[in-house]
Amino acid sequence: MYHKTGFVLTRQLKLAVSQLEIETHRPDEKNEYNDMKKLTSYGIDLKTGERFAFDTIGGWTKSAFAPRRHFSETHCPRGYRSTPFQIKRGQLYLQESPDFFCDVKELETSILARKAKIIHFVRNPFDMVMSNYLYHSQKPTPEEWVHRDDPCHAMYDDGKTLASNVLPSIGTDEINEEYFSNIIKMCRSLFQSKPSMRNSTFYEHLLELDAWDGLRLATAQMIAASGDANNYLAGGDVARMANNIVKFKELQSYMPSDVEVLTLSTEEFIKSAGNSTMKFLDFVFGANNTIISREKRWEAALSQQKNLDKAFDSPHVTQSSTTEEKENKEQLKELLHSDKDLAPILKLTESLVNEALAASSVKVFSNNS
């Protein structure tokens, strides 16, 4: 998942998987295994050593491996402390914004090396960037990095740009190095360009610029910034999401019997959290799984519906509450659709998202192996 594609949601779903396994396989020890430290670390019986559930790697504050980071030599994601990362059997990984910039053969040998199921959480990019702007321009802002970010910083620490890493996958005649450079130029024309705002922070710009310029600045950051300027907490996730959709499609073609990918969207969960959660659980466990029965999965899906209702009261979810706010939001989205700097990459990403969702809508899930 990516910034503004379901931070709270993905963690709730991870918890639902763990709780289902514990309640099915260790009902008499449910309270012991539901202790949060054990729940995020263990899928092996503490007494017998038998595996009964997934280990879950990655939690509320930390992904399985370093978000928005990769090795400059291989372009594959790197672990924390610059260590190699490779998935292991029996693990459920929760990962934000991975840099899947390596080719699929390198991805197979360096990262996967085993059969894997990938659930890719995406969002319509126009909704994604609008939510990003509204979220970070709240008073007070929910995240501290906006006080120290340079939203126009496109370089990684190896001196290469985000654009140079994603263009091999998503580049077109229109979307090229020059195109990304123009986005950065537009960003620089808005950030610390006025004498009165020379020392203003990114957050102060979001508050003081008019809504359209604030949205353009925030969207440029979400498209072209590497994340290096804020310690890789945000930046570039629109381009990164588009790149990864292409990479996952290539990976499925390269390893058709070993890799399954399910693409789910934030919009699907907003529309029907119960049905979307059921689709998620069917993919994880297998639709015909008789041990973790359909009844148990549906009960968990209904519980997720209630959790999502509560999440709408969270600062992580930005909604327009008045008619005027909704109208203003729609007007800004219309402007995005016609903006010469931002619209091309947003439209390309929207097309990739829709294509991936359409492919996942017809999937039939076999039992988990």
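**Salt bridges**

I counted the salt bridges first and found 15 in the structure, taking a salt bridge as a side-chain nitrogen of Lys or Arg within 4 Å of a carboxyl oxygen of Asp or Glu. The model is predicted, so I note that local features need pLDDT of at least 70 and side-chain atom pairs count only at pLDDT 80 or more, while totals for chains, interfaces and linings use all residues. Residues are numbered from 1 along each chain as its sequence is written, and side-chain values use heavy atoms, with hydrogens and water left out.

I looked up Arg-68 next. Its salt bridge is with Glu-96, and the closest N and O atoms are 3.0 Å apart. Arg-68 sits in the loop between strand S1 (55–57) and strand S2 (91–93), and Glu-96 in the loop between S2 and helix H4 (104–112), so the pair ties together parts 28 residues apart in sequence. For these names I use DSSP runs numbered from the N terminus: helices are H or I of at least four residues, strands E of at least two. Both Arg-68 and Glu-96 are buried; I take buried as under 20% relative accessible area, exposed as over 50% and partly exposed as in between, with a 1.4 Å probe and protein chains only.

I then checked Arg-240, whose side chain meets that of Asp-237 in a salt bridge at 2.7 Å, N to O. Both residues lie in helix H10, three residues apart, about one turn of the helix. Arg-240 is buried, with a relative accessible area of 0%, and Asp-237 is buried with a relative accessible area of 0%. Following shared partners, I get one network of salt bridges that joins Arg-68, Glu-96, Asp-99, Asp-237 and Arg-240.

I also noted Glu-267 and Arg-123, a salt bridge with its closest N and O atoms 3.9 Å apart. Glu-267 is in helix H11 (residues 266–271) and Arg-123 in the loop between strand S3 (116–122) and H5, so this pair ties together parts 144 residues apart in sequence. Glu-267 counts as partly exposed at 26% relative accessibility, whereas Arg-123 counts as buried at 13%.

**Strands S3 and S4**

I found S3 and S4 paired in the parallel sense over seven bridges; two strands pair if DSSP finds at least two bridges between them. Reading off partners, I have Val-122 opposite Ser-265 in S4 and Phe-121 with Leu-264 in S4. Five of the seven residues of S3 are buried, and I list S3 as mostly covered. In S4 (residues 259–265) six of the seven residues are buried, so the strand is largely enclosed by the rest of the structure.

**Nonpolar cores**

I define a nonpolar core as a set of buried Ala, Val, Leu, Ile, Met, Phe, Trp, Tyr and Cys residues joined through side-chain atoms within 4.5 Å. The largest has 56 residues, and Phe-180, Phe-202, Leu-217, Ile-223, Ile-345 and Leu-346 touch the most other members. Among the helices that each supply at least two residues of this core are H5 (125–136), H7 (177–190), H9 (211–224), H14 (323–338) and H15 (343–361). Apart from this core lies another, of 20 residues, including Met-1, Leu-9, Phe-280 and Ala-300.

I listed the contacts of Leu-217, leaving aside neighbours within four places in sequence: Pro-151, Cys-152, Cys-187, Leu-190, Phe-191, Phe-202, His-205 and Leu-209. Contact here means heavy atoms within 4.5 Å.

**Helices H5, H14 and H15**

I looked up the axes of H5 and H15, which come within 8 Å and cross at roughly 120°. Axes are lines fitted to C-alpha atoms, for helices over the stretch in contact, and angles run from 0 to 180 degrees between N-to-C directions. H5 and H15 are therefore oblique to each other, since angles under 35 degrees count as roughly parallel, over 145 as roughly antiparallel, 65 to 115 as roughly perpendicular and the rest as oblique. On the H5 side the contact is made by Pro-125, Phe-126 and Val-129, and on the H15 side by Leu-346, Lys-347, Thr-349 and Glu-350.

I checked Lys-333, which lies in helix H14. Lys-333 is buried, with a relative accessible area of 14%. Not counting residues up to four places away in sequence, Lys-333 touches Phe-126, Asp-127 and Met-130.

**Ser-18**

I placed Ser-18 in helix H1 (residues 7–25). Ser-18 is buried, with a relative accessible area of 5%. From Ser-18 to Phe-54 I have 36 residues in sequence and 7.2 Å in space, C-alpha to C-alpha.
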